[in-house]
Amino acid sequence: MGVTPGDDDPQVLERARVGDREAQASLIRGLQDVWFRYCWSMLRDDEMARDATQETARRFLAGLPGFRGASQLKTWSLGIATNVCRELRRKRRGGVAGESSLRLVRDAEAGPADRAAEREAQAALHRVVDSLPDRQREAVVLRYFEGLNTAETAEAMACSPGTVKATLSQALRKLRGQLEALA
């Protein structure tokens, strides 16, 4: 009885909310890859991303009885992951960043030259996204890499949709400038 990240099956959710371990495990299995990918994008460190994913799961389970379904489970849980990543970044200030998890779409038929060009473009994308201030990077990753809409991004970031729009506008302006400079 698996659950995918966008699947808010009311029966599984209700069973999980009242402490059914199998239902809780099913929800976590459906969301853990989303959490890890997001945490890795924000922290750029394998070990920290694993720790953040584990802490997100712990807080997810602790908060589940209070979840009332006003938003999608994925959106609500990414809000938890956002808070966990913010706390870890505050603790780590000044640490070394590892590889980002942002990926470009790969053409299965690409040859060696195309793959090399993709790696170069991917590295440039990593650098410009990683150079954004934390809040702007959160908004970009949630909105464009995790596919949340503006309202869901606002909920995950615990701010208003207008703040998300302004933050994304600032971030995209910076990204455009940096990418144009690279071109």
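**Exercise 1.** In this predicted model, work out how helices H4 and H7 are oriented to each other, and which residues bring them together.

*Solution.* The conclusion to be reached is that H4 and H7 are oblique to each other. Begin with the geometry: the axes of H4, which spans residues 73–92, and of H7, which spans residues 150–157, come within 7 Å and cross at roughly 45°. Next, compare that angle with the cut-offs, under which angles below 35 degrees count as roughly parallel and those from 65 to 115 as roughly perpendicular, so that a value between these ranges is classed as oblique. The handedness of the crossing of H4 and H7 is then added, and it is right-handed. On the H4 side the contact is made by Thr-75, Trp-76, Leu-78, Gly-79, Thr-82 and Arg-86, while H7 contributes Glu-152, Glu-155, Ala-156 and Met-157. Sorted by character, the residues of this contact between H4 and H7 comprise four nonpolar, three polar and three charged.

**Exercise 2.** Determine whether Leu-78 is buried or exposed, and list its contacts beyond its sequence neighbours.

*Solution.* First place the residue: Leu-78 lies in helix H4. Its relative accessible area is 0%, and because buried means under 20%, Leu-78 is buried. When neighbours within four places in sequence are left aside, Leu-78 is in contact with Val-34, Trp-35, Tyr-38, Leu-142, Glu-146, Leu-148 and Ala-156. One of these partners, Leu-142, is 64 residues away from Leu-78 in sequence, yet the two C-alpha atoms are 8.4 Å apart in space.

**Exercise 3.** Describe the packing of H7 against helix H8, and give the character of the residues in the contact.

*Solution.* H8 covers residues 161–182, and H7 packs with it at an angle of about 100°, the axes being 8 Å apart. That angle falls between 65 and 115 degrees, and therefore H7 is roughly perpendicular to H8. The contact is formed by Thr-150, Thr-153, Ala-154 and Met-157 from H7, together with Pro-161, Val-164 and Lys-165 from H8. The residues of this contact of H7 with H8 divide into four nonpolar, two polar and one charged.

**Exercise 4.** Find where Gln-136 sits, and identify the side chain with which it makes a polar contact.

*Solution.* Gln-136 belongs to helix H6, residues 134–145, and with a relative accessible area of 7% Gln-136 is buried. Not counting residues up to four places away in sequence, Gln-136 touches Thr-167, Gln-170, Ala-171 and Lys-174. Among these, Gln-170 is the partner sought, since a polar contact of 3.4 Å joins its side chain to that of Gln-136, a distance within the 3.5 Å cut-off.

Note on methods. Residues are numbered from 1 along each chain as its sequence is written. This is a predicted model: local features need pLDDT of at least 70, side-chain atom pairs count only at pLDDT 80 or more; totals for chains, interfaces and linings use all residues. Side-chain values use heavy atoms; hydrogens and water are left out. Axes are lines fitted to C-alpha atoms, for helices over the stretch in contact, and angles run from 0 to 180 degrees between N-to-C directions. Helices (H or I, at least four residues) and strands (E, at least two) are DSSP runs, numbered from the N terminus. Angles under 35 degrees count as roughly parallel, over 145 as roughly antiparallel, 65 to 115 as roughly perpendicular and the rest as oblique. A crossing is left-handed if the near helix is turned anticlockwise from the far one by less than a right angle, and right-handed if clockwise. Contact means heavy atoms within 4.5 Å. Ala, Val, Leu, Ile, Met, Phe, Trp, Tyr, Cys and Pro count as nonpolar, Asp, Glu, Lys and Arg as charged, and the others, Gly among them, as polar. Buried means under 20% relative accessible area, exposed over 50%, partly exposed in between (1.4 Å probe, protein chains only). A polar contact is a pair of N or O atoms within 3.5 Å; within protein, one must be able to donate a hydrogen and the other to accept it, and residues adjacent in sequence count only if both atoms are side-chain atoms.
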